[in-house]
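Visitor: I have just opened my first protein model and would like to learn how to read it. Could you walk me through it, feature by feature?

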Amino acid sequence: MSAVGLKPNFANNWANSAGAKSDKATQRGPRSDTKPVHILIACMPKSGSTFLSDVIGHCPGFRRAILTPSAGRREQEIDEQLLRKLGRVSFVAQHHVRNSDWTSEMCRSYDVRPIVLVRSLQDVVVSLRDHMRRESAVFPQFFAEARHAELDDRALEAMIARLALPWYLNFYMSWRTAPGAMMVAYEDLTAAPTQVIQDIMAFSRAETSAEEIEEAVAKVRDRESGRLNVGVAGRGAGLQRETIQTILDLVDLYPEAAADPYIQSVRSQALAALSGEPAPVRAARTNAPPKPVAAPRGLLRKSDKRFLVHWVLPAALMLIGLSYWAWPYDLIPDHSAYGYVDDAVVLLVSSFMAGVFRYKKI
């Protein structure tokens, strides 16, 4: 398993730090008789995404991939050029990316299966707090510096809840009704990783056996870098009351999602914490994974249409205009009176139409 998609150093450094490097002796090549499988783990930070992508990356024929040219504070939007390079590779890419028209278009055009990984917002606050103190305060979700990690629990939790959680809700609301996306909860992943990953591979149409998945899970668990965070749900029950109230206030800004299972779960956990009651037991996932949306067949991708309309057609029109100007025996021969009038008209019209297509919105 290797990280692919970036040059020269970012992909390797990122993959090594994420635990994506495996022993060459145990690495298996791709299955040449199957169609490449493309999996995007669109994930909330601190939701077990490194563990999940490590396991899939250890499955036969899969590689870890990076679909964005940089990390750090940069939003992890998908780069189409990197997708083009990976068209014949079975890969899993892990990115903190919200859904958008562009992301949906890339998933449809390049047959990418989005797996949306979510986690309790209360637990997220605790994990982000610990991450800032132990590892780094650099996120694309909100601006923080190392000095902020030195704040006391109350101040740091308030900062995370007010500045980071709006991004998390934006992330969830953008994906929750996305067609062809499979929603996976951190709590389900920690409780039954093999079963959840089997469902993911079936959803993605990957020909991976249960035994191969179990072997990959065991490998990743044996690796120090293959951590599943703390692997415990319910860590956010001890947050400050003000922080929990902030979470409630945020989710209540989306009344249209009040019946959404994830939003209901967040609200019930927050209300239980405020009332001092035990956290509600989360029911095991029973819903079947959605059917993936098939990539369009026999149709040009939008990127191909843009290239055709913005470059090929304008170039062809200009070539026609210039060829007509150069040909002496056209509609009005050049040696006759007004012989260049038609040449000028054709060149002007072809230039105008080339400009129209060059800037036509696709």
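Guide: We will go from confidence to overall make-up, then to the cores, the surface, the salt bridges and the backbone.

Visitor: Where should I start, and what is the mean pLDDT of the protein?

Guide: Start by remembering that this is a predicted model. The mean pLDDT is 82, and 80% of the residues reach 70 or more. Where pLDDT is low, the predicted coordinates should not be read in detail.

Visitor: Which element has the lowest mean pLDDT, and which the highest?

Guide: Helix 1 (residues 10-17) has the lowest, at 39, while strand 2 has the highest, at 96. Over residues 1-30 the pLDDT is below 50, and this stretch has 62 contacts in the model beyond near neighbours in sequence.

Visitor: Now the overall picture. How many helices and strands are there in the protein?

Guide: You will find 13 helices and six strands. The protein has 362 residues, and 47% of them count as buried. Now look at the contacts with a separation of 6 or more: 76% of them are between residues 24 or more positions apart.

Visitor: What is inside? How many residues does the largest nonpolar core have?

Guide: That core has 56 residues, and L121, M132, L165 and Y168 are those with the most contacts inside it. At least two residues each come from several elements, among them strand 4 (91-95), helix 5 (121-134) and helix 10 (241-251). Helix 6 gives the most to this core, with 13 residues.

Visitor: Let me zoom in on one of them. What is Y168 in contact with, leaving aside its neighbours within four places in sequence?

Guide: Y168 is in contact with M44, P45, L121, V124, L128 and Q141. Try selecting these residues together in your viewer. There is also a second, separate core of 26 residues, which includes I41, F51, V196 and I197.

Visitor: And the outside? Which residues make a nonpolar surface patch?

Guide: Y338, V341, V345, V349, F352, M353 and V356 make one of about 680 Å². Take V345 as an example: this residue is in helix 13 (residues 341-358). V345 is partly exposed because its relative accessible area is 47%, and partly exposed covers values between 20% and 50%. For the whole protein, the accessible surface comes to about 18500 Å², of which 56% belongs to carbon and sulfur atoms.

Visitor: Next, the charged side chains. How many salt bridges does a search of the whole structure find?

Guide: The search finds 13. One of them joins K35 and D111, with the closest N and O atoms 3.1 Å apart. K35 lies in the loop between helix 1 and strand 2, and D111 in the loop between helix 4 and strand 5, so the pair ties together parts that are 76 residues apart in sequence.

Visitor: Are the two partners K35 and D111 buried or exposed?

Guide: K35 counts as exposed, at 54% relative accessibility, whereas D111 counts as buried, at 13%.

Visitor: What other pairs can I look at?

Guide: Try D54 and R64, whose closest N and O atoms are 2.4 Å apart. D54 is in helix 2 and R64 in strand 3 (residues 63-65), ten residues apart. D54 is buried, and so is R64. Then compare E145 and R147, which meet in a salt bridge at 3.0 Å, N to O. E145 is partly exposed, with a relative accessible area of 32%, and R147 is exposed, at 55%. Finally, salt bridges that share partners join K35, D111 and R113 into one network.

Visitor: Last topic: the backbone. What should I look for in phi?

Guide: Most residues other than glycine have a negative phi. K46 has a positive phi of about 65 degrees although it is not a glycine. K46 lies in the loop between strand 2 (38-43) and helix 2 (49-58), and this residue is buried, with a relative accessible area of 18%.

Visitor: What about the phi of D111?

Guide: D111 also is not a glycine and has a positive phi, of about 55 degrees. You have met D111 already, in the salt bridge with K35; its place is in the loop between helix 4 (101-109) and strand 5 (112-118).

Technical notes:
Residues numbered from 1 in each chain as written. Heavy atoms only, no water. Helix = DSSP H or I, 4+ residues; strand = E, 2+ residues; numbered from the N terminus. Buried < 20%, exposed > 50% of the residue type's maximum accessible area, 1.4 Å probe, protein only. pLDDT = per-residue confidence, 0-100. Contact = heavy atoms within 4.5 Å. Patch = residues over 30% accessible without salt bridge, like charges linked within 9 Å, V, L, I, M, F, W, Y side chains within 5 Å. Areas by Shrake-Rupley, 256 points an atom, 1.4 Å probe, with all protein chains shown as cover. Salt bridge = Lys/Arg side-chain N within 4 Å of Asp/Glu carboxyl O. Core = buried A, V, L, I, M, F, W, Y, C linked by side-chain atoms within 4.5 Å.
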